[in-house]
Amino acid sequence: MAQSNFDRRRINGPDESYQPIFESDDEREARWRAGEPRKGRAARDIRPIFLKAGLINQANGSAYIETEKTKIACAVYGPRQSKTTVYNEKGRLNVEVKFAPFSCTRRRVPIRDAEDRSVAVQIQQALIPAVRLELLPKSTIDIFVTIIENDGIEGCIAAGSVAASVALADAGIEMLGLVAACSAAVVGEEIWMDPTEEEGQIASGSLVLAGLPALGTVTSVWQSGSMTPDEAIKCMEACQECCADVHSVMAQSLLESAPNT
């Protein structure tokens, strides 16, 4: 058999290479300065949402969400019998979050770290009150969230919760309602909805709210940074208004993915 010229001891580069992309002078000048209005959109506007359900055939349910530079894929497997021998009247909901190595500006090591677990816990807390786990004794539902591109941790938590909720509904798992989530940040004296990573760095505090708009209930609130009680209440009220708009997008994506019968 003829030997190939491929050297297994070396990592061969790609056939085609491209120049690295650096921050241009125009982008540096476009950065926000104190006292200026928000660039690109109004303070209470959220980024456009693209949401598609049922993209992963091997999973029981799946969803893909894209909000400009935030791209997340979610897959749901289950319900299936729990591997533990202890009987439990309520099922278990497991959430695993993984950042792609190329998802951030600086390349991430492809192993789970504290940030992965923190995002997974926030998504799990947002979903558990909505899923009827009492109907699934001794069962396990596994949710795998892959962050393809990251543009702010608050946006990842909100978009991940939305994608996971749509994937659960796509899998046919009984829920009390769809979980919608939205984030807000306090920048100066204004409240900016759905902040990006750059906007989150200049914000004094940020908040992520998840809830069931159909029932008018809140399932999870996560706040970080410095924020007064009045600012926190205003952020939660603004998030609840935006969650109603996100809920309509979620319902429309499920209707489009449903088979025509």
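## Largest cavity

The lining of the largest cavity comprises nine nonpolar, three polar and two charged residues. In this predicted model, the largest cavity holds about 150 Å³ of space. Its lining numbers 14 residues. Thr-67, Ala-158, Ala-159, Ala-181 and Asp-194 lie nearest the centre.

Strand S2 (61–67), H3 and S6 each supply at least two residues of this lining. H3 gives the most, with four.

## Second largest cavity

The structure holds two cavities of 30 Å³ or more. The second largest has about 40 Å³ of space. Its lining includes Gln-122, Ile-157, Ser-161 and Trp-222. By class, this lining has six nonpolar, three polar and no charged residues.

Helix H2 (114–127), H3, S8 and strand S9 (217–225) each supply at least two lining residues. S8 gives the most here, with three.

## Helix H3

H3 is mostly covered, with 15 of its 18 residues buried. Its end C-alpha atoms are 25 Å apart. That agrees with the expected 26 Å, because 18 residues are taken at 1.5 Å a residue. After H3 comes Gly-172, with a positive phi near 80°.

## Helix H5

Helix H5 covers residues 229–257. Its 29 residues should span 42 Å at 1.5 Å a residue, so the 41 Å between its end C-alpha atoms agrees.

Buried residues of H5 include Cys-235, Cys-239, Cys-242, Cys-243, His-247 and Met-250. The buried residues of H5 pack against helix H3 (153–170) and four strands: S1 (50–53), S6 (180–187), S7 (190–193) and S8 (205–212).

Key. Residues are numbered from 1 along each chain as its sequence is written. This is a predicted model: local features need pLDDT of at least 70, side-chain atom pairs count only at pLDDT 80 or more; totals for chains, interfaces and linings use all residues. Side-chain values use heavy atoms; hydrogens and water are left out. The expected span of a helix is 1.5 Å times one less than its number of residues. Buried means under 20% relative accessible area, exposed over 50%, partly exposed in between (1.4 Å probe, protein chains only). Contact means heavy atoms within 4.5 Å. On a 1 Å grid over the protein atoms alone, a cavity is a set of points where a 1.4 Å probe fits but cannot get out, and a pocket is an open set with protein on both sides within 12 Å along at least five of seven lines; lining residues have an atom within 4 Å of a point. Grid points are joined across faces, edges and corners, and a volume is the space filled by probe spheres set on the points. Ala, Val, Leu, Ile, Met, Phe, Trp, Tyr, Cys and Pro count as nonpolar, Asp, Glu, Lys and Arg as charged, and the others, Gly among them, as polar.
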